[in-house]
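This report describes a structure with the sequence and coordinates at hand. It takes up a sheet, then the cores, then the contact of the chains, and last one of the chains by itself.

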Amino acid sequence: MKDKNKILAGLAIFIVVITFPFWFNLGKAAPAPELELTEKAKAAKTCVMSKEFMTAEHMQLLDVWRHNVVRGGERMFVNPDGRQFNMSLSNTCLDCHSNKEKFCDRCHDYASVRPYCWDCHIDNPKGE
Amino acid sequence: MKNSRRRFLQIAGVSALGLGAKPMLNAFAAGGGEGPGYHVATGEDALTAKQWAMVIDTRKLQTAEALEPIVEACNKIHNIPTAIENKNHEIKWIWETHYHNAFTDKTNNFLNEKVAHRPFLLLCNHCENPPCVQACPTKATFKRESDGIVLMDFHRCIGCRFCMAACPFGARSFNFRDPHPFIEENNKEFPTRMKGVVEKCNFCAERLAVGKMPACVEASKGAIAFGDLYDEHSEVRELLKENYTIRRKQTLGTEPSVYYIV
């Protein structure tokens, strides 16, 4: 351990550099997005499942919907309360949540996820 | 000392593997139609059959004008990009052609003139033995067990176009470019497609699921019949019993489900 000082200095610099994004951005975290519900969604009070379930697992649920509709031809969803829904992103989800920019996109942008649902399932306003 | 360190690393490695494997296994186990308190089912109004089939009475569709509303009905509800001018990029689910192009194996030198000059409606034949399904490497196209429709799962299509090479009927089209600017009338209830996927007629699976007949059948004013090929008393079987019908390229053995009365 002849170069103890050099190694320690190098290590210290390395740790500072590698943790730079963390301490540089400390306290500057973007606030969690506020989601806006449409009047229709407010009136319905609950989604197809509980709010907690939808927040955490809507992507898994949508995957189940996609799989069963496209490949199984099963289009009816029966939730724990026994209510029935047509399993359709465009016709059921977006019917209530018609404000995609203020509902879907806000969270997706915040979490930096880019689902490609919208390539096909609604109009692409830019026509790209 | 030496030994125990090695032992420690081994245990640590195995534990890390185990921790990593659990969520993986969970991910593979997911995907069924059941979840916490919910289940999925077929709609109550859904029409069912063992093998859907279509009988087109071409005697009732003598002119191109008679076919137009049928093709248009399909184009409209399925968001088909009809404004593409380049013929090589054209998307078609149901279209019109001459006898000679439709029935390439049934062209005598001297044909009944009436039949030879009649326009024919072509669409995916929803074969009982579909070569496109065998060709697809991702199972994006598949024959639905429940009713024999040859369907596309656009989410899975990787655009390799093997199915297009395999289909002897030219029933499949590839989206060489983004179709959205070329869709003339949007139907928001049906999804669109994107660049790089193959598409074709789906026998209006989305309409059958809610108890409606396919759009072309509805628009044909009785010239096209639709029903279960394996139900003796279905409309199509009655028509097949009473009329002489032909199918496209029957000799290839794909068993097309679209019959033509000539």
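Strand S9 of chain B is mostly covered: five of its five residues are buried. The model is a predicted one, and what follows should be read as a description of that model.

**The sheet in chain B**

S9(B) belongs to an open sheet of four strands in chain B, with the order S9-S2-S11-S10 and mixed pairing. At the edges are strand S9 (224–228) and strand S10 (245–246) of chain B, each of which pairs on one side only. Helix H9 (residues 235–242) of chain B packs on this sheet, where it touches S2, S9, S10 and strand S11 (258–261) of chain B. The direction of H9 makes about 115 degrees with that of S9(B).

How do strands hold together in a sheet? In general, they pair through backbone hydrogen bonds, either parallel or antiparallel. Strand S2 (residues 52–57) of chain B and S9(B) pair in the antiparallel sense, over five bridges. The table lists residues that stand opposite each other in paired strands, including a pair that joins the two chains.

| Residue | Partner |
|---|---|
| B:Met54 | B:Phe226, in S9(B) |
| B:Ala53 | B:Gly227, in S9(B) |
| A:Phe77 | B:Val40, in S1(B) |

**The nonpolar cores**

In soluble globular proteins, nonpolar side chains tend to be buried together. The largest nonpolar core here has 58 residues. Those that touch the most other members are B:Met54, B:Ile56, B:Ile94, B:Leu121, B:Leu123, B:Cys216 and B:Ile224. S2(B) gives the most to this core, with five residues.

Which residues is B:Leu121 in contact with, leaving aside its neighbours within four places in sequence? They are B:Ile56, B:Leu61, B:Leu67, B:Ile70, B:Ile94 and B:Glu96. Apart from the largest core lies another, of 11 residues, and among them are A:Trp65, A:Val69, A:Phe77 and B:Val40.

**Where the chains meet**

The contact takes 26 residues from chain A and 28 residues from chain B. On the side of chain B that touches chain A, strand S1 (residues 39–41) of chain B gives the most, with three residues. By class, that side of chain B has 10 nonpolar, 12 polar and six charged residues. Strand S1 (residues 76–78) of chain A runs antiparallel to S1(B), and three bridges join them. One of the residue pairs in the table, A:Phe77 with B:Val40, belongs here, and both residues are also members of the core of 11 residues.

**Chain A**

Chain A contains seven helices and two strands, in the pattern α-α-α-α-β-β-α-α-α along the sequence. Its radius of gyration is 23 Å, whereas a compact globule of 128 residues would have one near 14 Å. The C-alpha trace of chain A spans about 75 × 40 × 35 Å along its principal axes. Of the 128 residues of chain A, 12% count as buried. Among contacts in chain A between residues at least 6 apart in sequence, 55% join residues at least 24 apart.

A:Asp105 is found in helix H6 (residues 100–110) of chain A. Why does A:Asp105 count as partly exposed? There are 14 other C-beta atoms within 10 Å, and a residue is partly exposed when this count lies between 12 or fewer, for exposed, and 20 or more, for buried. A:Asp105 and A:Leu35 are 70 residues apart in sequence, and their C-alpha atoms are 9.4 Å apart in space.

Key: Residues numbered from 1 in each chain as written. Chains lettered and ligands numbered in written order. Predicted model: local features only at pLDDT ≥ 70, side-chain atom pairs only at ≥ 80, totals over all residues. Contact = placed C-beta atoms within 7 Å. Nonpolar A, V, L, I, M, F, W, Y, C, P; charged D, E, K, R; others polar. Pairing = 2+ DSSP bridges. Axes fitted to C-alpha atoms, helices over the stretch in contact; angles between N-to-C directions. Core = buried A, V, L, I, M, F, W, Y, C linked by C-beta atoms within 7 Å. Rg over C-alpha atoms; globule rule 2.2 N^0.38 Å.
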